[in-house]
Amino acid sequence: MEDLSQSLVTRFLRYVRICTTSDRRIEETPSSAGQWELARLLAEELKALGFAEVEVTSHCYVLAKIPPSPGCEAKPAIGFLAHLDTAQDVSGKDVQPVVVEHYDGKKIVLAGANGPAGPVLDPAVDSGLAAQVGKAIIHTNGTTLLGADDKAGIAEIVTMAEYLCACPEWKHGPVIIIFSPDEETGKGLPCFPLERINALAGGNSAYGKSAAASIPKPALTACYTLDGGPLGELETECFNAIEAKVYFSGRVIHLGQARGELANACLMAAAFAVMLPRSESPEATDAYYGYYCPTEISGTLEKAGLEVYIRDFNLNRARERAAALETFARAIEAQFPGGKVRVETKEQYYNMKEKIDSRPEVLAKLEEAARRTGLSFTLKPIRGGTDGSRLTELGIPTPNIFAGGRNFHSLTEWAAVSDMEAACRLMLELVRVWAE
Ligand SMILES: [Zn+2]
């Protein structure tokens with residue numbers, strides 16, 4: 001197989017220059033115009049490769065079908081997924097990527113607008129850099145994020161598609177490409193075009209029966225998200241997520257006559273936030289520990305509100321935390337006579353592990369493809385959500401594979417070109433394994 005890195009890097013540099021920052025305050029999908037720009041560019045590129053079935057949906061999902069090799073029409077259809085948007089935490093506007101052909105192992109000052117005071121890539125702090133000595137990396141100029149999350153995944157998928165076009169002898173079944181909007185805000189998922197994907201994938205499903213009668217039977221047998229970090233990283237589980245909104249009503253009276261009468265909603269909300277166990281917070285936990293995290297607080301004497309994220313890999317434990325909020329609410333009412341507290345909770349997304357485990361061939365094929373490319377996997381839980389968890393819920397098991405980026409959502413984000421190439425080769429091997 002020839003060198004894929006040139007094509008990969010050229011594409012990646014083109015994609016990261018388009019600003020696709022998503023906006024969590026906007027309710028429409030997509031939440032930003034730049035996502036349209038990238039979606040249309042990708043659709044054009046896929047058409048130019050010669051694929052007839054390419055579309056951009058009304059919510060900015062890019063869908064494309066790589067038709068099966070002759071004789072492989074009845075093989076299971078599999079998908080690859082990556083997201084168009086970048087996180088809002090750091091600017092994604094006017095990204096100026098810097099390619100280092102042969103990294104020398106030294107500190108790199110990202111000197112964009114700040115000169116020598118810019119952020120630093122330091123191998124003493126960033127352990128991933130040592131493995132890249134002598135290899136190519138791509139970093140920012142220190143004023144924006146890079147957008148390897150997830151344009152690395154997009155570049156890898158398009159490069160895989162290009163390779164399959166150029167090498168008809170490489171056997172594969174139907175392959176569906178999905179680029180999704182608003183992954184970072186989590187708001188793109190309700191618009192997920194399952195019907196369209198089923199239509200594209202056609203009747204090649206090896207899938208047994210659907211999880212619920214209301215969910216149409218998916219024609220995609222499996223999907224793989226390319227949205228992760230270093231070489232070999234594989235993620236098959238994510239948090240269960242519950243969002244809680246807590247409403248506080250005070251008892252208000254002129255402050256001159258407040259003694260013994262006032263129940264101050266501001267204080268109630270603050271007291272509630274303090275009651276959440278600090279040992280179960282994102283800053284105090286890692287690996288498989290779940291948490292509570294107050295994410296927004298607002299209020300007046302009369303009314304206050306608090307938003308709390310509850311996360312846990314175990315759904316029962318997440319639900320126990322949600323139930324505990326009711327207990328805390330009663331405790332606050334007891335401390336603030338006359339005040340009232342109401343808790344509303346909503347389950348947002350679920351850990352995909354159980355459903356992925358129920359279809360062992362999805363990981364078995366991946367393991368086989370990895371073995372053939374000389375790669376071994378490290379399993380890592382995602383302390384967050386992923387578009388893959390929603391797809392898994394819809395009946396399409398969707399584990400998450402490394403895409404080669406590091407330090408996501410930050411000015412020091414960088415990408416390892418050799419890891420990107422390895423992800424691309426892994427996908428190519430995987431489509432071949434599925435067609436055997
Ligand atoms: Zn991502």
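Trainee: Which strand is joined to strand 9 (residues 220–226) by two bridges, running parallel?

Mentor: Happy to start there, keeping in mind that this is a predicted model. Strands of a sheet pair through backbone hydrogen bonds, either parallel or antiparallel. Here T225 stands opposite N400. The parallel partner of strand 9, joined to it by two bridges, is strand 16 (residues 400–401).

Trainee: And which strands stand at the edges of that sheet?

Mentor: Let's look at the order of the whole sheet. The sheet is open, has eight strands with mixed pairing, and follows the order 1-2-8-3-9-16-10-15. A strand at an edge has a single partner strand, so one side of it is left without a neighbour in the sheet. The two that fit are strand 1 (54–56) and strand 15 (378–379).

Trainee: Now to the metal. Which residues coordinate the zinc ion?

Mentor: Good place to go next! The donor atoms sit at 1.9 to 2.4 Å from the zinc ion, and D227 appears twice among them, each time through an OD atom. In sequence the donor residues follow the spacing H-x65-D-x77-D. The residues you asked for are H83, D149 and D227.

Trainee: How many residues apart in sequence are the parts that H83 and D149 tie together?

Mentor: Find each residue in its element. H83 belongs to strand 3 (residues 77–83), while D149 belongs to helix 3 (residues 148–166). The pair therefore ties together parts whose separation in sequence is 66 residues.

Trainee: Is the arrangement of donors around the zinc ion tetrahedral or irregular?

Mentor: Check the angles. To count as tetrahedral, four donors need all angles between 85 and 135 degrees. The four donor atoms here subtend angles of 54 to 141°, so the arrangement is irregular.

Trainee: Are H83 and D149 buried or exposed?

Mentor: The cut-off for buried is under 20% relative accessible area. H83 has 2% relative accessibility, and D149 has a relative accessible area of 6%. Both values fall under the cut-off, so H83 and D149 are buried.

Trainee: What separates the C-alpha atoms of I157 and I178?

Mentor: I157 is in helix 3, and with 0% relative accessibility I157 counts as buried. I178 lies 21 residues from I157 along the chain. Their C-alpha atoms are separated by 9.4 Å.

Trainee: Which residues lie nearest the centre of the second largest pocket?

Mentor: This pocket has a volume of about 280 Å³, and 14 residues line it. Helix 6 (315–335), helix 7 (353–357) and helix 9 (387–393) each give two or more residues to the lining. By class, the lining has four nonpolar, six polar and four charged residues. Nearest the centre lie N240, L315, Y350, N351 and E354.

Notes: Residues are numbered from 1 along each chain as its sequence is written. This is a predicted model: local features need pLDDT of at least 70, side-chain atom pairs count only at pLDDT 80 or more; totals for chains, interfaces and linings use all residues. Side-chain values use heavy atoms; hydrogens and water are left out. On a 1 Å grid over the protein atoms alone, a cavity is a set of points where a 1.4 Å probe fits but cannot get out, and a pocket is an open set with protein on both sides within 12 Å along at least five of seven lines; lining residues have an atom within 4 Å of a point. Grid points are joined across faces, edges and corners, and a volume is the space filled by probe spheres set on the points. Helices (H or I, at least four residues) and strands (E, at least two) are DSSP runs, numbered from the N terminus. Ala, Val, Leu, Ile, Met, Phe, Trp, Tyr, Cys and Pro count as nonpolar, Asp, Glu, Lys and Arg as charged, and the others, Gly among them, as polar. Donors are N, O and S atoms within 2.8 Å of the metal (3.2 Å for Na, K and Ca); water is not among the atoms, so sites may look incomplete. Four donors count as tetrahedral if all angles lie between 85 and 135 degrees; four count as square planar and six as octahedral if opposite donors are over 155 degrees apart and all others between 65 and 115; anything else is irregular. Buried means under 20% relative accessible area, exposed over 50%, partly exposed in between (1.4 Å probe, protein chains only). Two strands pair if DSSP finds at least two bridges between them.
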